[in-house]
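Student: I would like to learn how to read a model like this one, feature by feature. Could you take me through it slowly?

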Amino acid sequence: MGEWCERIYNKDGEYKYILPLIEEGRDYLYALQGSRYAHRTYTIVNRFNLLDSEYCAGTYRDDAFPVYFSYNFAANPRSMKITAAERFCFGYGYTNGDPTVSGLRANGQGDEITLTFKQNLIINDPQNIYGASRIQSLNLTDISHAIVGTLNLNKCIRLRNLDASCSTGQKALTGLILENCRNLRSLDVNGLNGLTSLNLAENRKLETLDAADTQLTNVIFAQGGTMSTAKLPASLQTLELRYLQNLAPDALTFSGTPAVTRLVVDNCPLIDWQTLLNRCPSTTYLRVTGIDESGRGELLRKFLTMKGVDENGNNVTTCRLVGTYQLTKYLEESEFNELQAHFPELNIKQPEWTVIKYDETVSDSKNISNLDNETGYDYDNTFKPSAHVAAIMAKRHRVMAKYVASGKMLVCPLDDTDSRRYHDGTEANTQGFNHPTKADEGDFMMYEPDRWCKGIDDFINRCHYHCFSSLKAVTQPEGRKLYPEDMELHDRAACRVATTYTTFDDCLAVYDDYRVYVAPVKGYKQARWPAVNSSVYGAVFLDADNNVVGRAAANSGRMTEGSYLFTSVPANAEKIAFTCRADAPFSFVWLTTSPEIHAIEPDAWRTGQWLAGVVKAYYGNLQIRSITGVSATVSVSQSQFVDYCRRRGEGFTPITYPMHRDIACLFWANYGDRDSSSVCGYGSGSNTTVQGLTAFLGMKDTIANPANAIGAAGGWYYDDTQTLRNATSINAIGYENLWGNVAEWMGGVTSDYYVWKFTEYGTGEERTVKSGTISDSWITELHNGRFMDVVPVLLNATETTHYGDKFWCSNSSARVVCRSSDSAYSYAGVSCAVASYDSSSATAWSGSRLAFIGEIEYTLNVAAFLEAEAIA
């Protein structure tokens, strides 16, 4: 055979076995042998090793592990038991001289032989146990009490089971080396109290460790090993479990309360690390990976004094929880930063949304609740803004703004406590070109930061929600959208929701104007679907047998063709069957795995950043401006204001409807009261009031004087001596005379036969919303919807209920809209609107407010800002 080269053997195998299989599907692989070189080598070597072991020849005695004894076996003979891994001969003897025992033959794998020691042995003369590499199991229990020093079993490469336990206990055995025993499956070291450390880092196949009755302080387990049972002593001080996929909590036991001070749990899916940590109360250094937790931060606060173990195994002063912790309650920035600093490897996420709830079943203007900090109407306490609303408010500042390039504004913030100076204390000119001595420094404006929003309507429970986020990006909730083609259709049918109908077939009724869709809901926590405005026909949840397990319907005057219902999915529901109009546009069904309210609306939208005048618009020197020291420009039509803005430059516009909406929604989320006038006052009763009367207040809002009657002019504040004083004009979330004084024409919005048309500057989407149709009426409810629209839809409230504002409308085309109203009327609050004039109308009580949408560069460098040159 040696005359044929390896290449010929390989080619022969390819032609006979491989190609027939690949090309013809004939399997002859069972006969493929090759040169059998490795087999011959294995057979020859093992045959000679067997003969060497039988006749004690060759290198047989090198395949041995040494054991140091200190015991008089002559007086009390003891034995060790060896289970062979294959047919072989075993023995033992001194390093020099003839073997004491040799040729003890095991006839095959699993055969057990016994080596008996009968002589007096001293520490310095080890006994070498021959046949180390052929040992499958080693039982030292009868002689373990006599072993001293270090027991090195590195030559036992096929060792699977080692029982070195000592029933009487001993301290002379101080080391156990098992590095090369990579087939080791079970290990028992009970009673070996001289062992303080055990390194099992290379024993990845080890499944069972019994060391409960020892004085071990440290055990190093193999990373990614198959360990399934570990019995450990109470003396253990360091416990590191890494990538142990099979180790279950009930299989990890201690002989008492462990003294563990350093605990590492790294990707052990069956281990509940918190339970394990509770069992180790002395833990000082902690590292846990795979964290995927949520909560209000209580878990993290528990570990603010806990130290950690870094990724390199070093003890450090900060706790090392690794993974993600989703906060369900927004934390103040200081506390959030503290947690981030103490948990540097943990991705701590603030809640993406702050949710504000409006209860539509009550007329109280303070029907608002903050679900984040549990304040407001539902909680019967004083409403307080928090979380993302507070973060958005903190980013807002009065600024000076210069138009430095086409479509670009450069802005610099003013002092929040006094708008007469910049944030660094430098005196500011808010009067523009009208200042007697100072150069023009730009427009006096409010910086509104970009933010995420979404609205939710709950027509079952008669409430709606506004969701705010100050984050740069938000994620879509986990869920699935379904469209008609994804569902089962029952045309010309409606689903009855009365409790007398208990099956799907019972619920179905013939109805030409409706249709019923059936969608799967198993595995989801909430469902949202297009709905009809009916308390008779709605949706039913069905189990696998089409039995009704839940019902949902609503009847609200605010529902429109595009409205939806949502509710939680019953635990045993498999499907939902819901009724919708056959002739209405179908949006989508939304199924989400989240139980949170904000998850009901999957599509958030951004406001974008923009500027709006702190004061009303003024036209002078052939320019429309936002400056103080002058009265608002009036007796100018809406179309003329639009033209003034166009001539000023790209990006300028009269305040728009989306701005009006965003300001109103932020006001309510900040104050928890829909009646804005009762919060900040009723404003100036004159159309000639000089602008800038609240500059000294900065961002501090005025209040209504509780001693005055409803509609009494003025905006009040407490001075440094806590004396209540009148500023004449009001401050509302930083805007001067946000209502009262003069009404404000809005740009980019018209009303055609009660249908408002406008463009979302954040998304560019053109939208329409139908308003209510009763003019000169107190507002009861607003449209809301996904975009949190403040278009009045239900009317006939009163001066002291709901929003405390009025709405005027006209059943005509091309009506322009102005926000708020003039003078200090009680109805002229933040939601007040007038949609009854055409674009050419002009009155002495109607003005506007300058705004800007475009590129905004924000700078804190006051000197650079003052040096910048405005182009318009």
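The dialogue below goes from the whole chain to a pair of helices and then to single residues.

Student: What kind of model is this, and how are its residues numbered?

Tutor: This is a predicted model, in which local features need pLDDT of at least 70 and side-chain atom pairs count only at pLDDT 80 or more, while totals for chains, interfaces and linings use all residues. Residues are numbered from 1 along each chain as its sequence is written, and side-chain values use heavy atoms, with hydrogens and water left out.

Student: How many helices and strands does the chain have?

Tutor: Helices (H or I, at least four residues) and strands (E, at least two) are DSSP runs, numbered from the N terminus. By that count the chain comes to eleven helices and 63 strands.

Student: What does the radius of gyration say about the chain?

Tutor: The radius is taken over C-alpha atoms, and the globule rule is 2.2 Å times the number of residues to the power 0.38. For a compact globule of 872 residues the value would be near 29 Å, but the chain has 41 Å. Taken along the principal axes, the box that the C-alpha atoms fill is roughly 125 × 70 × 60 Å.

Student: How many of the residues are buried, and how much of the contact is between distant positions?

Tutor: Buried means under 20% relative accessible area, exposed means over 50%, and partly exposed lies in between (1.4 Å probe, protein chains only). Of the 872 residues, 53% count as buried. Contact means heavy atoms within 4.5 Å, and among contacts with a separation of 6 or more, 64% come from residues 24 or more positions apart.

Student: How do α6 and α9 pack?

Tutor: Two packed helices are described by the angle between their axes and the distance between the axes. Axes here are lines fitted to C-alpha atoms, for helices over the stretch in contact, and angles run from 0 to 180 degrees between N-to-C directions. Helix α6 (residues 387–395) and helix α9 (residues 657–671) pack at about 120°, with axes 10 Å apart. The two are therefore oblique to each other, given that angles under 35 degrees count as roughly parallel, over 145 as roughly antiparallel, 65 to 115 as roughly perpendicular and the rest as oblique. Their crossing is left-handed, a term used if the near helix is turned anticlockwise from the far one by less than a right angle, with right-handed for clockwise.

Student: Which residues of α6 and α9 meet?

Tutor: On the α6 side they are V389, I392 and M393, which meet L666, A669 and N670 in α9. By class, this contact has five nonpolar residues, one polar and no charged, where Ala, Val, Leu, Ile, Met, Phe, Trp, Tyr, Cys and Pro count as nonpolar, Asp, Glu, Lys and Arg as charged, and the others, Gly among them, as polar. The buried residues of α6 are A387, H388, V389, A391, I392 and M393, and what covers them includes β26 (354–359), β34 (463–469) and α9.

Student: What is unusual to look for in phi, and where is A387?

Tutor: Most residues other than glycine have a negative phi. A387, placed in helix α6, has a positive phi of about 55° although it is not a glycine.

Student: Is Q722, which also has a positive phi, buried or exposed?

Tutor: Q722 has a phi near 65° and sits in the loop between β49 (716–718) and β50 (724–726). At 57% relative accessibility, Q722 counts as exposed, whereas A387 is buried, with a relative accessible area of 3%.

Student: Where does E601 lie, and what does E601 touch?

Tutor: E601 is in the loop between β43 (589–592) and β44 (605–606), and at 2% relative accessibility E601 counts as buried. Leaving aside neighbours within four places in sequence, E601 is in contact with K454, G455, I456, P477, R528 and R786.

Student: Is G748 buried or exposed?

Tutor: G748, in strand β53 (residues 743–752), is exposed, with a relative accessible area of 60%. Not counting residues up to four places away in sequence, G748 touches K757, F758 and T759. The C-alpha atoms of G748 and I655 are separated by 8.8 Å, although these residues are 93 residues apart along the chain.
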